[in-house]
Amino acid sequence: MSSMRTTSPAQSSPRKGKRLALPPFRPVQLATLVDSVPTGDRWLHEMKYDGYRLEVAVGAGEARAYTRSGLDWSDRFTGIVAAAAALDVRSALLDGEAVVMDMHGRSRFQALQGALKGAPDTIDFFAFDLLELDGEDLTGRPLAERKARLRDILPDGNPRLRYSEHIVGSGEKLLHSFCEASLEGVISKRADARYIGSRSGGWLKTKCIKRQEFVVVGWTPSDKSRAFRSLILAIHDKGKLRYAGKVGTGFANDEIFRLMEIMAPLERKEPTVEAPRAEVRGAHWLSPTLVAEIAYTEMTNEGTLRHPSYLGLREDKKAEAVVLETEANVAEIAAPAVSKVKISNRDRVIFPESSITKGELADYYAAVAPVMLPWVASRPISLVRCPQGRAKKCFFQKHDAGSFGDAVKHVGILEKDGHEEPYLFIDTADGLVTCVQMGTIEFHGWGARIEDVEKADRLVFDLDPDEGLDFEAVRKAAFHFRDILKSIGLETFPMATGGKGIHVIAPLVPKADWPEVKDFAHRLAQAVAQSDPDNFTAALPKAQRKGRIFVDYLRNQRGATAVMPYSVRARPEAPVAAPITWKEMETIDKPSHYHIGDPAELVKRAGSKALAGWGRANQVLPDL
């Protein structure tokens with residue numbers, strides 16, 4: 001495939017200057033499944049690879065490889081990491097796919113599975129995007145420019161690091177040729193679009209065959225051996241696991257025995273799905289933790305698979321994140337990136353003191369969607385709904401019985417008593433605006449993404465001042481808290497909450513489990529309060545907070561939420577929670593500095609160099 005390569009003398013010359021720090025992981029941009037390839041020259045078309053999505057970070061003389069959920073898998077992709085560390089760059093962050101190619105130039109997921117078990121130097125990395133180069137954030141630049149700069153830094157002849165070629169236009173012909181060659185399909189991307197770490201509609205995928213992930217919830221025994229005959233599959237549908245059929249083909253003998261060893265400790269007495277008794281007679285049921293990639297011809301009216309074939313286990317995805325993909329209409333998805341949700345009663349006043357209407361609220365969220373979605377998308381959320389306006393009855397909502405429609409999705413999460421509940425999440429501008437149509441003003445999110453709800457990707461400390469304390473006290477406290485966290489190795493970023501206080505946020509690689517995160521946050525808050533009892537308290541009773549700032553650590557536990565960046569608050573004058581820099585923290589006048597009338601400024605600020613690193617860091621929970 002040809003590409004739009006542009007090379008300047010400055011880009012071709014060796015880079016000078018000291019090496020820069022390793023760039024942090026960023027939420028990856030995801031593609032939406034559509035029914036046909038989009039037409040027109042504004043789309044670039046690439047091969048859809050059959051492997052593991054990776055971000056490769058280069059800096060400080062080393063390289064790291066991260067999965068799509070942010071886990072550090074450098075030890076599994078040693079060949080790729082070694083090749084990336086040798087790149088002639090001061091720093092870089094590459095997005096791409098780890099694959100194993102056969103002799104016909106086809107990537108094969110099962111071959112990758114085998115290579116991960118003992119031959120990591122046979123795995124190649126096809127890079128298709130460049131998010132950072134030499135300390136410069138490129139996500140706000142057009143894709144065509146990012147790809148041109150990507151190609152310039154990739155060495156010729158290195159099989160471990162390859163450039164993902166593309167063509168402009170003629171996507172249907174490309175899909176036809178790929179399908180004839182038994183490839184997986186085509187990824188189509190807007191050539192002029194910025195990189196958005198969510199499912200924005202700017203990337204589309206068209207498949208030659210149907211395939212996706214399913215949760216393995218059991219197995220049926222073979223009458224010829226001690227192994228299984230088939231795996232029992234399930235899928236999350238409206239936040240609940242439902243039966244999706246069985247798969248009994250595609251298994252090599254060694255894979256069968258490997259699966260039997262993996263499944264043995266997961267056995268349980270009771271099933272997690274309802275299934276036809278005749279189809280699961282004699283079944284061994286499993287806790288729903290394993291995820292398998294399955295190819296199939298179609299899905300029946302009953303929701304089960306026809307002619308399924310096993311391709312391999314997906315260790316990079318958690319069962320909670322496995323939902324059924326359905327093909328969207330390409331004509332609707334490929335339209336300009338604006339919300340198509342119709343807002344009823346646009347003139348209804350939602351903020352009575354300033355006459356701000358429901359329509360204006362919806363327009364705000366549609367405008368900030370490109371910068372808000374990287375933070376709120378694919379994260380369990382709770383909504384503050386005020387159907388009659390902020391001055392009337394408002395309530396939190398985290399579950400949905402289906403009234404929100406298809407744009408607002410569900411992820412099944414186990415509760416303490418073992419049953420599963422459907423939590424809300426969104427990943428598009430339509431999802432944001434649909435929530436507004438349903439009366440939502442505020443968006444609050446978990447400290448984890450749906451890819452793994454048991455691993456925190458941030459610490460949030462809410463510095464909440466007692467009545468009577470002015471903002472200067474909050475400002476001073478925020479800097480003090482920043483310095484304490486920095487002294488134990490945590491870089492932080494402030495967010496003006498739109499309320500009374502400031503959030504001090506430490507982004508994390510999603511590695512630590514919730515009990516560890518909660519214990520760390522609690523002990524740190526107590527230590528801060530003990531070291532400066534005149535200004536801080538970690539005491540929960542309000543009577544003990546008089547004249548001090550409460551270090552609210554309770555947002556750092558499973559199921560707890562915090563207000564999301566760019567969320568409007570249900571407060572007078574419609575203030576907005578806004579990310580700021582520590583430099584801006586020196587002069588900002590109040591936590592409600594930004595409001596619903598500032599979408600253009602907020603979007604512009606989000607793409608500025610000053611905020612380029614906000615909310616991202618390669619750091620894990622330190623010892624305390």
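# Exercises on a buried glutamate and its protein

In this predicted model, E55 is buried and yet takes part in no salt bridge, the nearest side chain of opposite charge being that of R53, 6.3 Å away. The exercises below begin with this residue and then turn to the whole protein and to two loop positions.

## Exercise 1

Work out why the pair E55 and R53 does not count as a salt bridge, and find what the side chain of E55 reaches.

Solution. Begin with the location: E55 belongs to strand β3, which covers residues 52–59. Next, compare the distance with the cut-off: a salt bridge needs a side-chain nitrogen of Lys or Arg within 4 Å of a carboxyl oxygen of Asp or Glu, and because R53, the nearest side chain of opposite charge, is 6.3 Å away, E55 has no salt bridge. Then turn to the backbone, where the side chain of E55 reaches the nitrogen of R26 at 3.1 Å. Finally, list the surroundings: leaving aside residues up to four places away in sequence, E55 touches F25, R26, P27 and V28, then R64, A65 and Y66, then L93, L94 and D95, and also L131 and Y195.

## Exercise 2

Determine how the radius of gyration of the protein compares with the value for a compact globule of 624 residues.

Solution. For 624 residues, a compact globule would have a radius of gyration near 25 Å, and the protein has 25 Å, so the two agree. As a second step, consider the extent along the principal axes, where the C-alpha atoms fill a box of roughly 75 × 65 × 50 Å. As a third step, consider burial and surface: 56% of the 624 residues count as buried, while the protein exposes about 26,400 Å², of which carbon and sulfur atoms supply 50%. To complete the picture, the protein has 13 helices and 33 strands, and among contacts between residues at least 6 apart in sequence, 72% join residues at least 24 apart.

## Exercise 3

For N345 and E573, establish the sign of phi, the loop in which each is found and the exposure class.

Solution. Take N345 to start with: its phi is positive, at about 50 degrees, although N345 is not a glycine, and it sits in the loop between α7 (330–333) and β20 (349–351). Its relative accessible area is 46%, so N345 is partly exposed. Continue with E573, likewise not a glycine, whose phi is positive at about 75 degrees, and whose place is the loop between β32 (562–563) and β33 (578–579). Its relative accessibility is 45%, and E573 therefore counts as partly exposed.

Note on methods: Residues are numbered from 1 along each chain as its sequence is written. This is a predicted model: local features need pLDDT of at least 70, side-chain atom pairs count only at pLDDT 80 or more; totals for chains, interfaces and linings use all residues. Side-chain values use heavy atoms; hydrogens and water are left out. Helices (H or I, at least four residues) and strands (E, at least two) are DSSP runs, numbered from the N terminus. Buried means under 20% relative accessible area, exposed over 50%, partly exposed in between (1.4 Å probe, protein chains only). Lys and Arg count as positive and Asp and Glu as negative; His and the chain ends are not counted. A polar contact is a pair of N or O atoms within 3.5 Å; within protein, one must be able to donate a hydrogen and the other to accept it, and residues adjacent in sequence count only if both atoms are side-chain atoms. Contact means heavy atoms within 4.5 Å. The radius of gyration is taken over C-alpha atoms; the globule rule is 2.2 Å times the number of residues to the power 0.38. Accessible areas come from the Shrake-Rupley method with a 1.4 Å probe; for residues, only the protein chains shown count as cover.
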